[in-house]
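Please open the structure in your viewer and keep the selection panel at hand. The stops below can be followed in order, each with something to select and something to look for.

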Amino acid sequence: MTIALLALSSFLCTAHAGSFEAGKGTFLLNGKPFTVKAAELHYARIPRPYWEHRIKMCKALGMNTICIYIFWNKHEQREGVFNWSDDCDIAAFCRLCQKNGMYVIVRPGPYVCAEWEMGGLPWWLLKKRDISLRDCDPYFLECVKRFETEVGKQLAPLTIENGGPIIMMQVENEYGSYAENKPYVSEVRDILRSVGFDKTVLFQCDWSSNFEMNALSDLLWTMNFGTGAKVLDQFKRVKQLRPDQPLMCSEYWSGWFDGWGTSHQTRPYDAMVKGIKTMLDNNISFSLYMAHGGTSFAQWAGANNKGFAPDCTSYDYDAPINEQGAATEKYYKLRELLQGYSDTKLPDVPKPMPIIQIPEVRFDHMMPLLRAGNMPEPVSSHDVMPMEQYDLGYGSILYSTTMPAVKAGTLLQINDMCDYAIVYVNDKKVGELYRGNGYETTLRLPEDVAEGSSLDIFIEAMGRINYSKLINDPKGITRSVELLTTNGKDEVTYNLKDWKVYRFPIYDDAASIDSLADNMSAIPGTGSAGTPAYYKASFTLKKTGDTYLDMSSWGKGLVWVNGHCLGRFWNVGPQQTLFLPGCWLKKGKNRVVVLDITGPAKASLRGLAEPVVDQLHREFLPKDAVKGKALKEALAGRAGAPKAKAAADGGQGNDAAPGAK
């Protein structure tokens with residue numbers, strides 16, 4: 001700690017205090033007109049050894065500023081426990097920007113969207129089941145204040161007034177698309193001022209259609225829009241209300257993101273370049289979202305709110321700098337434009353990171369996840385609850401109970417299931433359900449079930465919704481599990497109780513993965529097809545470099561290489577590869593561990609020189625759900641069924657009632 005403080009003190013002594021302010025019709029940097037040309041990139045989506053390379057790529061593109069979000073849930077994964085070291089060292093990132101002659105715009109949330117897990121809000125907030133997120137809920141604001149206080153400790157010494165690179169701070173994020181609540185936005189503003197940003201230019205971003213809903217008189221107003229928009233029209237209203245305010249597009253969307261089971265997204269470079277030219281010709285500052293997207297490693301990819309649409313691991317975004325950090329055609333077209341608006345020659349484009357290919361690697365060891373001896377200790381629970389209530393933030397969860405005697409064709413209904421379930425009766429798989437596949441989480445039992453039979457529901461959480469009111473997105477089973485059947489002429493509903501609950505976290509440290517790998521056994525000749533299992537293999541390299549792991553023969557799960565979690569894969573696509581940074585590889589022996597919950601067609605992989613992000617296989621989506629007309633017919637008459645005696649629970653602890661819950 002003493003060394004860190006001395007280093008910071010030395011840095012501040014050698015840096016010169018400056019100023020940044022909103023002048024009449026323009027920003028003023030140290031008293032002189034300044035157009036912000038910002039490149040958005042996210043430190044959490046870039047391995048720390050590559051941070052400076054990406055910053056230099058943005059400078060060579062013609063930018064003068066780096067724009068970043070601060071991801072609350074990345075830094076406070078357990079309530080009250082903060083991490084600002086290693087890949088979470090945001091102060092180090094900002095100092096790298098300054099070292100390379102770049103200013104910094106910071107967007108500290110608390111909500112950020114960004115196609116990031118829960119929009120950046122930490123999962124443990126949902127342990128308080130009545131919490132009101134992004135609102136004046138006292139507990140929520142208490143947590144926000146604690147987090148932003150820590151942000152202030154890290155970054156307030158790095159504002160331009162203190163000789164650092166930070167010129168602007170954002171208050172919340174696109175709040176008009178969430179609600180109209182000026183008291184809440186005011187609270188966030190006041191918190192940021194109280195933690196060290198009282199002299200920093202504060203701004204709020206929104207869309208031209210909704211920014212007035214929460215616009216505060218003492219904040220700068222900026223607009224967000226994408227390529228193809230009529231740029232000058234986006235600023236008509238703000239110019240009417242504030243004719244002397246500098247204009248800025250705080251998010252100019254260069255591309256778009258991909259979701260599992262949907263088509264790969266791209267945007268043309270010419271529309272992007274045209275829009276930026278229009279802004280520069282009209283003295284409008286901008287931030288390009290994204291200049292470089294990167295990768296949502298580990299469990300950090302979120303989900304869109306259109307039904308439930310989980311985001312892919314790759315956050316390439318069709319940005320000018322691709323996922324691997326290399327310049328694209330879009331990059332060179334924009335660089336050509338920005339050179340024309342620069343008084344000096346732009347720096348040379350940094351060389352791309354080396355790329356290697358890895359020959360086929362065959363997996364020789366595995367560990368079935370649901371086998372006795374491999375299971376964690378269970379928690380007893382009379383009712384099912386979301387996995388947050390069992391103190392599990394990310395990963396998978398297994399709910400296990402026993403069943404009454406029911407006939408083939410009985411409906412098993414999970415209310416509500418989040419997000420992907422594999423259902424077993426007496427250890428035999430009877431179906432798979434996916435929340436995003438039309439929202440039906442009901443299946444028919446294919447056979448008669450005897451009293452006392454086991455029911456196991458294995459659920460994978462895929463990423464919390466990151467946009468709209470649906471960000472309150474608990475995982476696992478949030479309400480109940482029911483069996484819908486008949487006892488002769490009357491419909492009967494069993495509300496299943498008395499569960500054993502098993503928690504399977506996502507490991508995010510090398511020690512846990514190494515321990516797991518050391519306990520795996522040789523793959524038996526029959527394999528373990530279709531059941532959740534860990535697999536491991538090793539490969540030897542003479543040289544290292546970036547590569548893309550081909551996961552197309554695998555089902556659905558996660559990958560770790562040398563203890564680093566690369567993120568989620570799913571054979572539905574469109575993404576079929578995972579980016580593996582060369583800085584996470586080593587010469588000599590490397591270890592790869594795969595968790596596949598549905599089972600691979602072939603337990604092998606290889607490293608490719610190019611990504612595969614546009615192969616869609618919707619045929620791999622689960623098809624066991626009872627849907628549409630069949631489901632309506634199956635559930636018809638439940639509330640109006642003739643009254644009958646409650647069915648006995650047969651000693652299984654399962655509540656039963658005719659015709660209703």
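Begin by selecting Glu76 and Arg146, whose side chains meet in a salt bridge with a distance of 3.0 Å from N to O. Glu76 belongs to the loop between α3 (72–75) and α4 (90–99), while Arg146 sits in helix α5 (residues 138–155), so this pair ties together parts of the chain that are 70 residues apart in sequence. Please bear in mind throughout that the model is a predicted one. Counted with a cut-off of 4 Å between a side-chain nitrogen of Lys or Arg and a carboxyl oxygen of Asp or Glu, the salt bridges come to 37.

Next, go to the sheet, where three strands in the order β1-β2-β3 form an open arrangement with antiparallel pairing. Select β1 (20–22) and β3 (32–34), and you have the edge strands, each of which pairs on one side only. From one strand to the next, the twist averages 40°. Now add strand β2 (residues 27–29), which runs antiparallel to β1 and is joined to β1 by three bridges. If you pick out Glu21, you will find Leu28 of β2 standing opposite.

Then move on to helix α8 (residues 269–281) and helix α9 (residues 329–339), which pack at an angle of about 20° with their axes 10 Å apart. Angles under 35 degrees count as roughly parallel, which means that α8 is roughly parallel to α9. The crossing in which α8 passes α9 is right-handed. To see the contact, select Tyr269, Met272, Val273, Ile276, Lys277 and Leu280 on α8, together with Glu329, Lys330, Lys333, Leu334, Leu337 and Leu338 on α9. Coloured by class, the residues of this contact between α8 and α9 divide into eight nonpolar and four charged, with no polar ones.

Keep α9 selected and add helix α2 (residues 51–61), which packs with α9 at an angle of about 50°, their axes 8 Å apart. How is α2 placed relative to α9 at that angle, roughly parallel or oblique? The angle makes α2 oblique to α9. On the α2 side the contact is made by Met57, Ala60 and Leu61, and on the α9 side by Tyr331, Leu334, Arg335 and Leu338. By class, the contact of α2 with α9 has six nonpolar residues and one charged residue, and no polar ones. As a last step, select Leu334 and Leu338 of α9, which take part in the contact with α8 and also in the contact with α2.

Methods:
Residues are numbered from 1 along each chain as its sequence is written. This is a predicted model: local features need pLDDT of at least 70, side-chain atom pairs count only at pLDDT 80 or more; totals for chains, interfaces and linings use all residues. Side-chain values use heavy atoms; hydrogens and water are left out. Axes are lines fitted to C-alpha atoms, for helices over the stretch in contact, and angles run from 0 to 180 degrees between N-to-C directions. Helices (H or I, at least four residues) and strands (E, at least two) are DSSP runs, numbered from the N terminus. Angles under 35 degrees count as roughly parallel, over 145 as roughly antiparallel, 65 to 115 as roughly perpendicular and the rest as oblique. A crossing is left-handed if the near helix is turned anticlockwise from the far one by less than a right angle, and right-handed if clockwise. Contact means heavy atoms within 4.5 Å. Ala, Val, Leu, Ile, Met, Phe, Trp, Tyr, Cys and Pro count as nonpolar, Asp, Glu, Lys and Arg as charged, and the others, Gly among them, as polar. Two strands pair if DSSP finds at least two bridges between them.
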